[in-house]
Amino acid sequence: MASQLKRSDGRKPGEIRKIKAEVGVVPNADGSAMFAFGKTIAIAAVYGPRQLHPQHMQDPSTGVLRCNYDLLSFSVSDRKKPGPSRRSQEISKVTEWALIPALDLKSFPNSVVDLQIYILQADAGTRTAGINAASMALAHAGIPMKDLVCSVALGKNDKTIIADLTKEEEDYKEGEGSTDFALAKLANSDSFTLLQMDGKIQPERVKEIIELANEVCPQIYEAQKSALKSIVESSEKEKKRK
Amino acid sequence: MKNEINEAHEAIDIDSASPESAARKVIVPGEIIVSGEDYLPGEGARREGDNIVASKFGLAEIAGRVVKVISIFGAFIPRRNNVIIGRVSDITYAGWLIDIDAAGSGFLPIEEAPRFINRNEMDQYLAIGDVVAAKIWSVKAKGIDLAMKGKGLGKLEGGYIFKIVPSRVPRVIGREGSMVNLIKEKTGCNITIGQNGWIWIKGSDIDSEIKARNAIEFVADKVFINGLTEKVEEWFGESE
């Protein structure tokens with residue numbers, strides 16, 4: 001058995017950082033949400049369904065999801081040059097693929113749902129925080145969805161499997177080094193919609209990662225669920241107080 | 001002007017969620033609403049084995065055997081019989097293309113014009129940029145067909161238009177049109193509310209028009225407060 005690894009913030013290996021979730025953070029959007037894993041903060045805004053331009057991208061059989069993920073320039077300690085980069089384009093694409101299986105855009109032919117994800121503060125796990133925020137924002141916008149999407153980055157430091165790595169843990173160098181395993185799944189089923197890995201891992205240990213994901217994702221789901229419900233309930237409470 | 005208000009009211013009103021529909025609860029996509037063979041999935045719901053599962057975020061409502069989910073946020077989704085306010089964006093051989101600020105653009109056939117119109121002189125009646133109040137006749141994959149025959153519908157002349165968030169429209173209209181009727185009464189303006197969030201106001205003078213707009217924005221700002229009609233009356237009292 002691998003020796004218990006001490007995590008710098010005192011978390012247990014399978015423990016995720018403190019989650020913060022809020023819905024309705026962008027008043028001008030049709031749907032919006034914020035999701036934070038500790039110091040990593042993501043906001044997502046959804047516009048549409050609306051008509052898709054340029055026209056050649058239109059699909060007469062279904063609606064299209066168009067995703068844009070980016071780090072804000074002040075989100076990292078070395079200023080990030082604004083504008084799309086190779087990395088942000090790739091993450092936009094995988095985010096789109098992670099969310100599309102949960103959506104049902106069949107009733108919006110030739111139209112688009114625009115999704116903007118911005119990272120306000122980055123401390124590893126930004127794409128997963130972005131996907132969690134996006135899933136809430138899409139629900140908030142009233143888009144037909146089969147399920148919410150929960151996403152988390154798991155990984156390995158030396159021989160210990162750990163959940164929700166920080167930047168410091170991602171840069172871990174000792175022993176077997178660090179492995180980063182970002183994944184997303186539909187909350188109420190066993191389908192995974194995103195599996196990405198950075199680093200090395202023994203094939204048989206991937207199973208442990210998946211098991212840990214099934215343990216951690218319900219916590220994220222609960223946070224998303226209560227954030228969505230609280231915007232309606234808090235307004236109803238306000239109503240009762242009157 | 002009565003007509004369009006009553007029909008527009010088919011949409012939800014959070015306020016009426018109180019006693020008779022205690023079965024209403026907030027639901028998240030993928031969440032089980034009810035279990036059992038007795039229920040049928042309606043709009044926004046689906047059957048998965050033994051359960052009725054939500055397919056969108058909103059209020060779940062059980063009416064008899066049918067379970068449906070009503071959205072409370074989000075963009076305007078065109079539905080048959082919705083009154084909308086749109087702007088002419090193009091003129092084709094068979095009619096006008098209307099931008100209705102939704103996922104598809106609306107088409108208004110030339111036959112819907114109240115009088116005979118020469119196909120060569122269609123812009124004599126509706127030119128590009130003109131604003132019309134119309135009703136949605138059908139929503140199909142190829143587009144949205146509009147109708148303009150009915151009370152309160154047609155070309156809008158004079159006054160001005162502005163936009164509010166579409167999900168707030170039911171509240172601005174109020175139960176049976178009570179809210180908008182109050183505002184009409186107090187300001188003496190003509191008001192047409194489109195389900196797509198566009199609102200047209202025409203009054204005898206600019207002051208009453210501005211007052212009507214402020215009142216509507218006041219209502220749109222405070223969607224979730226109970227007894228809003230009284231509050232609006234108060235607001236009118238203060239602003240006099």
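Q: In this predicted model, which elements of chain A do the buried residues of H1(A) pack against?

A: The buried residues of H1(A) pack against helix H2 and several strands of chain A: E4 (64–71), E5 (111–121), E6 (149–157), E8 (178–186) and E9 (192–198).

Q: Which residues of H1(A) are buried, and where do they lie when seen down the axis of H1(A)?

A: A residue counts as buried if 20 or more other C-beta atoms lie within 10 Å of its own. In H1(A), this holds for Ile91(A), Ser92(A), Thr95(A), Ala98(A) and Leu99(A). Seen down the helix axis, these buried residues fall within an arc of 130°, so they line one face of H1(A).

Q: Which exposed residues does the face of H1(A) turned away from its buried side carry?

A: That face carries Arg86(A), Gln89(A) and Lys93(A).

Q: What span should the 14 residues of H1(A) have?

A: The expected rise is 1.5 Å a residue, so helix H1 (residues 86–99) of chain A should span 20 Å. Its end C-alpha atoms are 20 Å apart, in agreement with that value.

Q: Which residues are buried in helix H3 of chain B?

A: In H3(B), residues 178–187, the buried ones are Met179(B), Val180(B), Ile183(B) and Thr187(B). They fall within an arc of 95° seen down the axis, so they line one face of H3(B). Gly188(B), with a positive phi near 70°, follows this helix.

Q: How many residues does each chain bring to the contact?

A: Chain A brings 34 residues and chain B brings 21 residues. On the side of chain A that touches chain B, H4(A) gives the most, with nine residues. By class, that side has 13 nonpolar, nine polar and twelve charged residues.

Definitions and conventions
Residues numbered from 1 in each chain as written. Chains lettered and ligands numbered in written order. Predicted model: local features only at pLDDT ≥ 70, side-chain atom pairs only at ≥ 80, totals over all residues. Contact = placed C-beta atoms within 7 Å. Helix = DSSP H or I, 4+ residues; strand = E, 2+ residues; numbered from the N terminus. Nonpolar A, V, L, I, M, F, W, Y, C, P; charged D, E, K, R; others polar. Expected span 1.5 Å × (residues − 1). Buried ≥ 20, exposed ≤ 12 C-beta atoms within 10 Å, placed from the backbone. Arc of directions from axis to C-beta.
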